[in-house]
Structure formats: C-alpha cells, structure tokens
Amino acid sequence: MRCVRIRFTKTGRMIYVSHLDVNRMMARAVRRAELPMWYTEGFNPHPYIAFALPLSLGQSSECEYMDIRIESDTMTDEEIKEKFSAVMPEGAEIKSVTAPVYDINEICGAKYQVKLIFNSDDEAKAFCEKSTALLDGGELLAEKKGKKGRRKVMKQVNLIEQIFEKEVALDGSEVLMNLTVAAGNTVNLNPALLVETLSKETGICPDLQYIERKDLIIANGVSFR
Amino acid sequence: MIPTEVEKILLKVQKPGRYVGGELNSVMKDKSKVDLRYAFCFPDTYEIGMSHLGMKILYSVVNKRDDAWCERVFAPWVDMEELMREKNIPLYALESGDPVKDFDMVGFTLQYELSYSNVINMLDLAGIPLYSKDRESLTPLVVAGGPCVCNSEPVADFMDVIMLGEGEETTNELLDLLKLHKKKGSTKHEFLCDVAKLEGFYVPSFYDVEYNEDNTVKSVTPKYTAPEKAVKRVISDLDTVHYPESFIVPSIEIVHDRVTSEIFRGCIRGCRFCQAGFIYRPIREKSADVVNEQSKSLCKTTGYDEISLCSLSTSDYTEIEPLLDKMLSWTVDKKINVALPSLRVDNFSEELMQKLTAVRRSGLTFAPEAGTQRLRDAINKNVTEDEVMETARKAFAGGWTGVKLYFMIGLPTETLDDVAGIAELGQKVVNEFYNNPDKPKGKGVTVNISASSFVPKPFTPFQWEAQDTMEQLSEKQQHLMASVRTKKINISTHLTPTSFLEGVFARGDRKLSKVMEVAWKKGCRFDGWDDQFHFDLWMEAFKECGIEPEFYANRKRDFSEVLPWDHLDYGVSKKFLMKENEKAHRSETTQNCRQKCAGCGANKLNGGKCHAMC
C-alpha cells in the first residue's frame, strides 16, 4: 500500500459542487479509473480518500489536493494520472500525481485571486479606494460563526490580522485583489467573508464576484506539495 | 452553459449544484446541427428527478439520434424561482442553458398527482401559454407521459399530446413526425391529426366531454382522426430495446444515487389496490445475461458502488438466483453492493438473503399491506401471517436487528379491528426477535411501520370505491397509534389532506384544470412537500371554481358510470376489474398469474404474449 497525492482543479460549473459532494464525486471517479485502491476494513468497506483544506461553495481553485491509498507498488504516478484524467467530469482536471511531501496539517496559508465586477467604473473606483484604506488600517472586524465548548456562538474577529499579503488594483469596472491569507485547521480566512465585510463597510456591493484559490502554503511561504 | 444572469443569483440559493448541469455523462451537442430540440421536464426538484429511471432511458433514447438533442429541466426550488422571477430569468434547460420556450418539444413526466401544480408553474416560468388551445403554433409542442397519464384528464387541457405507456418507441415516432411536419410547415392541427392515428398517443383536444346534471361524465366523443379508445403502448422485447450504457452522474447527492438495472415490467400478483400492478401489464422479463451486462457497463461508466434491481416485486423474477450469481461473480471483488428494493415475504429465501449481504447489509423492507388475513385476502395480497413470521425469523437469524413494514390504512372494507391488526402484527414481529436464541447480545429490535393512506386509483379493481374521508383516516391513524404498546415499534403516517388531494386528482376529470390554475395562482406548488403544501389555498380554489373535491375522492361509483378515463385503453379489461372488485367484497383471493391466468386482457397489447404463461 502506498499513499499518492493528487492535485486537481475546480473550475467552471464544478464550483457549485460542495466539498462533501466533491468527496463523493472523487470516490466514484477512483472506481471509474479502476485503480487498485486500498479499502478500509470496516463493516462498510470504502476506498481511503482524504482532502486538504475544503474550498467554499462558489469558489474556483487551481490547487485542490486529495490523498488516496493504492494497493499496487508497480503502478507509476504517470499511469495513475492517465487513468484518472480519462474519467474526470468537466471542471475537475488532474494537474499532478506525486508522492506526498508535507503533512496536510502543515498548511497555514492560501493565496487567492479575487475579481469583483461592479455596475459602473465609478462604483469600482470608490470601492477600490475605500477598501485600500480599510485594508491599510489596523482593524477590520467581522462576525464569524464559532464554538464555545459545544455551543455555537458568533465571534468577532479582526480580519487584518489574518491577511499576510495584499494587492488591490483597479481595472475599469473591475477590482482585482491578490491575497495571501491564513488558512488551515486553526485560523482560516474565507475571502468571501472579506469581500462581504468590505462591501458592508464601503456600502458598495459588487454585481458579480469570482474567487480563485491559486496556491496553498506552509510555514515560510513554501508551496504545499 | 449557465447564463450570466443565472450565475449572479446562484450563490444566493440553496444547493446551486441543482441548476448548473455539466455533470459527467451529460450530453452536449451543437445546436446548429440538430433538427429537433427536446426539453424533458421533471416537475420536481433535481434530486428527485435525477433519481428517475424513465428519464435516464428516454434521455439516452433521444440523444442516440443525430438529429435531436434531449436536455433536462427540473422545477426550481421556491428560493430559486423567486429570484428567477425577480430577475426575469426564464426557465432554462441544464445542458445548453437555453430558454425552454425555444425548444421544439417540451415533455413532462407525470409520476405523481401532487406534481401537477409544478407542471403549470414550469410552463409559466418558461413563458409558454398554459392551455393547449392558447398555443397556436406547432412548436413548442407540449406533451406528457408517465403513469399518471392513465387518467390524464385533470391536466388534459394543458397538453397537446399525451403518450400512453412505455416511451422508448413512441418518443422516437413523435419526434420523427414532428420533424416531418416542421419541414412541411404544417399547422398544429395537421400535425395532431397524424399523431392521433398512431397507437400509444392520445390527443386530448380531439375528444369532446359531456357531463350529466349530477356532474358525472355523460360521454366522451372522439373527433377528427381520433380513435374511439386511445391504446397504451408496450415494448415487446426488453432484451433488444434500448437501455442506456451510461447514466448521468450527478455532482450533488440525489435520492437514488446508484445504478438502477431494470429486470422486468409488469407484475404477476394483482394486488387490488396497486395501480402499477395493472397499468404495467403484461409481464415481460429481461434475460439475466442482458441485465448482467447492462449492470456491468453502467458500473464502469458511472463509478457507483451500488446496483439496485428495479421492478415490481423483484423476487418474482424467474431468473433471480442465476442473475444474482452472475452479478456477485464480479461485484464482490469490486465492493459493489446489489440491492433488491422490492421483496415479498412469501419467497424470501436464506440463499437470497446471503447474496444480499455479500458486500454490505442494507435495510430489509416488507409490505404485508394489511393487518388481518381477511383484509389481506380482500386486497389480494396473497401473504399469510405465518409467512411474515417466517421471514422475520430468517431475517433476525441472519443478523438483522430491524425491519421495515409497509401497511395501508383506509382500504375498502377495512374496520378498526383491521387497523389494530397492524399493531398486533408488528408486536408479533418484535416477539419473534426475542424468541431467537442466537439474537445478538445487548441489542434491541426496531420495527418501523409505515402506514400510508390508501388512495383509489384508475385501472384498479378499486377504481369505483370511495376513499376514506380525512376524518376517517385521522381516526384510524389515532386508533393505530393507540394500539401500539411497545417502544420497539415506530409508526409513521401520511398527512391526510395530502392523500385527499391526491385522491381528487387521481380520479378527476377535465373540470379540475381550472382549479389547478386558480390554486397555482394563489401560490400552490411542490404539493408533495409537506413544508410547501397549502391545503387552505387548495380549498379556496375549489370553492371559487364551484367544485366539490369530495365528489372525486369520497364518492363510491356505480359500475355503470362512465369514468373519466374510459376512453383510454390500458389493456386490462373493465370487466376483469369489476370481477376483481366483487371478489374483494367477498374477501376472495385470485391466484397469481403464474399459477393461473386470470384473463385480465393485457396480453392483447403484446400480440397475445405474456411471460407469466410461458
């Protein structure tokens, strides 16, 4: 048995498929690919599949990671990639198949590209200016669902503390943002929450928004592999 | 592709995956290269509609043609509908994202009466006039099929053409004819005249209905090219008829998320309450080799890990054991589970049970249907209490710690003693568990009893019977609850107003289309969903239209009455149904079709052939 890490994309219509459904979808894909999967040994045997950092509904990604376990030591990564690629649905493309390097728990950040489309150039300009000012300030508070023991409570968080790097640019009626934010099991910033908070604070709402995850990183900004 | 306007609202609704298409194995074509575009509409949510086998089959039948493109359309959930109406987004098909009103043919499958309001709502969302008479041009042609069209009268005014029976051949014939007439530039009337001549089609506007003063039907008179009786179509050979090699694999979870392999059509049993048992006759089996190969192909193309064998009363399949042996020879290795959703208690063997648990154990469900032997005889459910007990014993010995039992209340001739009998039978099953010397330690038993409300349906021996009133049903439900004396039994029942409305539409006539339109305008849709069902609005609609719903649901009909569906021929003769009705009232059973042919008449649809007799 060996562990294989698969990087795939989530684009187009696939962005409307939730993390849980991607899970199910991949379980079926490994069956179609007829890989010699390693099965769990319980009452309900199923192939072992683990995912790194779930992606929010509605966001696209170039860097989704999935670990699987296969029985065969002879099948090469290239063969696995070929078999897998042949059975994937539209919007989920296999980028690479490799042996895992880092542990999923090491992930501490993610890079996103956010594209916001406004109804007019003026709106975009105003949003861009006001947002830049807000992001350069020391505090941008947002309400977030959290837990206190077993109870579910609303928590206030300072989003600025969770943004490592930022770049905001104006392009006609569009605002483009390149963000590196906290991500992982302990602290995680969803860019959709940032956009929502900025819209609330500036009083300007984008007509359409595209959020794309570009990379996952571990400590010191090294790309997750 | 999804229109941008839709993209803007998708993240504001629940489960946006319902509205985007693009799933594995969905069919994309170049619309400039096809002559016909067919929008196949399922009038319920994506998750329900995508679970339906008929749609998968017909989608594949049409898309096999080079000249036609079949796309799927489902009813948007209320949150999506609200936004679509607000932003003026018309109903669109999932594959192309194109508006439904631009299609040549728009087809609805009518699987249950409570989806009718969704049909109207979908036509309106598409921007298509509701009534057939208001649509003058040939296209979009609005058609319907499915089990409910055996009495399509309540929706007849909305439909241009209704397809009776199995659709693999008729769908293609209708498309061929439409293509021809489109090319010729025919009027809709010219086209309909040609359709009405074909077997398996019913053109509602070609029949005039007259009523008596007591509101019953006086006569139904055909005109133009329409035959006296429109006859249902059946597929003669299930081995050669088209069956999909692949199913669309939904990206989001649906209700029946698995491979469905059909093994036969029709049923030998003749339970008198069961519409499916009569309208799908005559019985025709698919051979085990064909089922096995088709299942293999479907597993390969979909990646599902479960196969469900589909038919009525699955264990009546003559080749069930050889089929399971063939399938298990490859499914066990691949960790694929084989499930039989429709089992009978009188032929459930230990071998069968072992085969079902080869990979993983699924639930066990049996349907005694009634609590006492007398009533089981009256409804011709030829199952004895001993058989129920024997099956429970086998199941418990085989390691199950729970079973699900299906019953009905409100059956003709039923008394409160019969209702209490359901609880007693449940109790005996519970006792059976504790009588098992090898029962697993520290484990209790659960017996889930589902007691649905009986609704009399057309083309059954009970089509003349009065449905129990809502009060009677409630009383019986309460009596059942009171009769249960153990916590090991859970009982679930249906809402009585839902069953009442179902009963009205099941045996309704053309006067109901107006009621439906009024109720829909008041906001009725998704009536099959308890949280969306507005009984008060329906009652207002009936009142405004001056129609008493009880006339349809709770009235016992005379054998001599003209029934609204008498001009449709589903093979089974009215005389046979009358005989069965009389036997029911004498609590006399009829042997199953393999023991002795009861002469129902359905074999005439298949050139005199019926697999039960060979």
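Leaving aside neighbours within four places in sequence, which residues is B:Trp77 in contact with? I started my notebook there. The model is predicted.

**Entry: B:Trp77**

I found B:Trp77 in contact with B:Gln14 and B:Thr45, once its neighbours within four places in sequence are set aside. I then looked up where the residue sits. B:Trp77 lies in the loop between β2 (68-74) and α4 (78-86) of chain B. Is B:Trp77 buried or exposed? I counted 21 other C-beta atoms within 10 Å of B:Trp77. The cut-off for buried is 20 or more, so B:Trp77 is buried. I also checked B:Lys15, which is 62 residues from B:Trp77 along the chain. The C-alpha atoms of B:Trp77 and B:Lys15 are 9.5 Å apart.

**Entry: helix α5 of chain B**

Next I took helix α5 (residues 116-126) of chain B. How many of its 11 residues are buried? I get 10, so the helix is largely enclosed by the rest of the structure. Among the buried residues of α5(B) are B:Tyr116, B:Val119, B:Ile120, B:Met122 and B:Leu123. Polar names turn up in the list as well, including B:Asn118 and B:Asn121. What do the buried residues of α5(B) pack against? I noted β1 (36-42), α4, β3 (105-109), α6 (153-156), α17 (496-506) and α18 (512-521) of chain B. So α4 of chain B, the helix that bounds the loop of B:Trp77, is one of the packing partners of α5(B). After α5(B) comes B:Gly127, with a positive phi near 80°.

**Entry: a sheet in chain B**

I traced an open sheet of four strands in chain B. Its order is β15-β16-β17-β18, and the pairing is parallel. Which strands are at the edges? They are β15 (365-369) and β18 (489-493) of chain B, each pairing on one side only. Neighbouring strands of the sheet are turned by 25° against each other on average, direction ignored. I looked at one pair in detail. β15(B) and β16 (residues 402-409) of chain B run parallel and are joined by three bridges. B:Glu369 has B:Phe407 in β16(B) as its bridge partner. Helix α15 (residues 416-435) of chain B packs on this sheet. I see α15(B) touching β15, β16, β17 (446-453) and β18 of chain B. The direction of α15(B) makes about 160° with that of β17(B).

**Entry: chain A**

I turned to chain A, which has four helices and 10 strands. From the N terminus the elements run β-α-β-β-α-β-β-α-β-β-β-β-α-β. The C-alpha trace of chain A spans about 60 × 45 × 30 Å along its principal axes. Of its 225 residues, 29% count as buried. For contacts in chain A with a separation of 6 or more, 72% come from residues 24 or more positions apart.

How is chain A divided? I have domain 1 (2-100) and domain 2 (106-221). The C-alpha centres of these domains of chain A lie 28 Å apart. Their contact takes nine residues from domain 1 and 11 residues from domain 2. I sorted the domain 1 side by class: four nonpolar, four polar and one charged.

**Entry: where the chains meet**

Last, I checked the contact between chains A and B. It takes 22 residues from chain B and 21 residues from chain A. Which helix gives the most to the chain B side? I found helix α1 (residues 4-10) of chain B, with three residues. By class, the chain B side divides into nine nonpolar, six polar and seven charged residues.

Notes:
Residues are numbered from 1 along each chain as its sequence is written. Chains are lettered from A and ligands numbered from 1 in the order in which they are written. This is a predicted model: local features need pLDDT of at least 70, side-chain atom pairs count only at pLDDT 80 or more; totals for chains, interfaces and linings use all residues. Helices (H or I, at least four residues) and strands (E, at least two) are DSSP runs, numbered from the N terminus. A residue is buried if 20 or more other C-beta atoms lie within 10 Å of its own, exposed if 12 or fewer, and partly exposed in between; C-beta atoms are placed from the backbone. Two residues are in contact if their C-beta atoms, placed from the backbone, lie within 7 Å. Two strands pair if DSSP finds at least two bridges between them. Axes are lines fitted to C-alpha atoms, for helices over the stretch in contact, and angles run from 0 to 180 degrees between N-to-C directions. Domain bounds come from an automatic or database domain assignment.
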